[in-house]
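Me: I've got this model open on my screen and I'd like to talk through its aromatic rings, its core and its pockets. Can we take them one by one?

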Amino acid sequence: MITREEIANVLDQPVYDGDGNKIGDAKHVFFDDMTGRPEWVSVKTGMFGSTESFVPIRDAALVQDHLEVPYGKDQVKGAPSVDVDAGGHLSETEEHRLYDYYGINWDSVLSEAERTDDGRSAAGTGTAGAAGAAGAAGAAGVAGRTGEAGGKDMRAAAGTGGTAGTAGTAGGMTGRKDAMAREGMRGDEAMTRSEEQMHIGVERHESGRARLRKYVVTEEVQQTVPVTHEEVRVVREPITDANRDEALAGPEISEAEHEVTLYAERPVVETETVPVERVRMTTEELTENETVRGQVRKERIEAETESFTEDETGRGGKRRGRE
């Protein structure tokens, strides 16, 4: 259970369910008017925290930097919408509807509140002379009922002091001031200006494909090579003393025939396959600068003033201005 001292560590902190899913951020804490215990926490959910859901805080636990509740994210986001009056109270009807939604027995809640209320100090309704300091009045500031029986007071922490005239008023006012300070409800009248920021990243996608393909082509190759051939040439020699014996060796008159074989060279073409190179594909990354344009929304805050002036006739006038 969350104690009153831990409330300051709950507000504006993330709220998770039992499975570790973030539900939203804690916005307000509601106390029981009778027991002074934290009873409900409102959680900002939805896009940009546009929805506020109520969750019982009795079984919640503060885990490191977040609040953990024993209800699922979808169950919390589906909780019924309730109205909080101008005094920061949940009506008994609205509270009863929430208890039914979360399956909590209403009678057991009332019994617990009555037991706590019966055991409280009588200083809750005493005077300053009889009670002394109101800090002893059961965590004063929530002592006594607030006029809405069974309702919840929107407070982030109880008051801790004040003299106990009627503790329901003195302590109540202290508790409300402390609550406004802790919940960010103080009257500083400041606005929060927000704007969108554009975050640009890159993604990798398939832009094309490349492949190596081998095929055969036929080319005409021309090359000049020298070739030789034999031709017949008739050589006539005169009869001399050196060849006379050979010339007279045969018959004097006769017919004869002599044959000579002629040779010639011709080109012969042969082919062989030889490796000439190795071809492969690699990739390299090239970096380019590309301009990206987008639209972001920004909030602007300007001050508008009204001043009252008097003209020469003494009549008042109104003048507006902006800053």
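**Rings, core and pockets**

Me: Are Phe30 and Phe54 buried or exposed?

Reply: Keep in mind that this is a predicted model. Buried here takes a relative accessible area under 20%. Phe30 and Phe54 both come out as buried.

Me: How many aromatic pairs does the whole structure have, and why is the pair of Phe30 and Phe54 called tilted?

Reply: Searching the whole structure turns up five aromatic pairs. In the pair of Phe30 and Phe54, the ring centres sit 5.2 Å apart and the planes make an angle of 55°. Planes under 30 degrees apart would be stacked and those over 60 edge-to-face, so at 55° this pair is tilted.

Me: Which strands does that pair link, and how many residues apart are Phe30 and Phe54?

Reply: Phe30 belongs to strand S2 (residues 22–32), and Phe54 to strand S4 (residues 51–56). The pair links distant parts of the chain, with a separation of 24 residues.

Me: What about Trp40 and Tyr102: which parts does their pair tie together, and how many residues apart are they in sequence?

Reply: Their rings are tilted too, at 6.4 Å centre to centre with 50° between the planes. Trp40 is in strand S3 (residues 38–45), while Tyr102 is in the loop between helix H2 (92–101) and helix H3 (106–118). The pair therefore ties together parts of the chain whose separation in sequence is 62 residues.

Me: Which residues make up the cluster of ring pairs with Trp40?

Reply: Trp40 is buried, as is Tyr102. Ring pairs join these two with three other tyrosines, and the full cluster is Trp40, Tyr71, Tyr99, Tyr101 and Tyr102.

Me: Which element supplies the largest share of the largest nonpolar core?

Reply: That core has 30 residues, and among those touching the most other members are Trp40, Val41 and Tyr102. At least two residues come from each of S2, S3, S4, H2 and H3. The largest share is five residues, and the element that supplies it is S2.

Me: On to the largest pocket: which class of residue has the highest count in its lining?

Reply: This pocket holds about 790 Å³ of space. Its lining has 21 residues, with Arg204, His205, Ser207, Glu285 and Leu286 the closest to the centre. The split is six nonpolar, seven polar and eight charged, so by this classification the answer is charged.

Me: And how many charged residues line the second largest pocket?

Reply: About 300 Å³ of space lies there. The lining includes Leu212, Arg213, Lys214 and Glu277. By class it has four nonpolar residues and no polar ones, and the charged count is three.

Note on methods. Residues numbered from 1 in each chain as written. Predicted model: local features only at pLDDT ≥ 70, side-chain atom pairs only at ≥ 80, totals over all residues. Heavy atoms only, no water. Phe/Tyr/Trp six-rings, centres within 6.5 Å; stacked < 30°, edge-to-face > 60°. Helix = DSSP H or I, 4+ residues; strand = E, 2+ residues; numbered from the N terminus. Buried < 20%, exposed > 50% of the residue type's maximum accessible area, 1.4 Å probe, protein only. Core = buried A, V, L, I, M, F, W, Y, C linked by side-chain atoms within 4.5 Å. 1 Å grid on protein atoms, 1.4 Å probe; cavity = no way out; pocket = protein on both sides within 12 Å on 5 of 7 lines; lining within 4 Å. Points joined across faces, edges and corners; volume = space filled by probe spheres on them.
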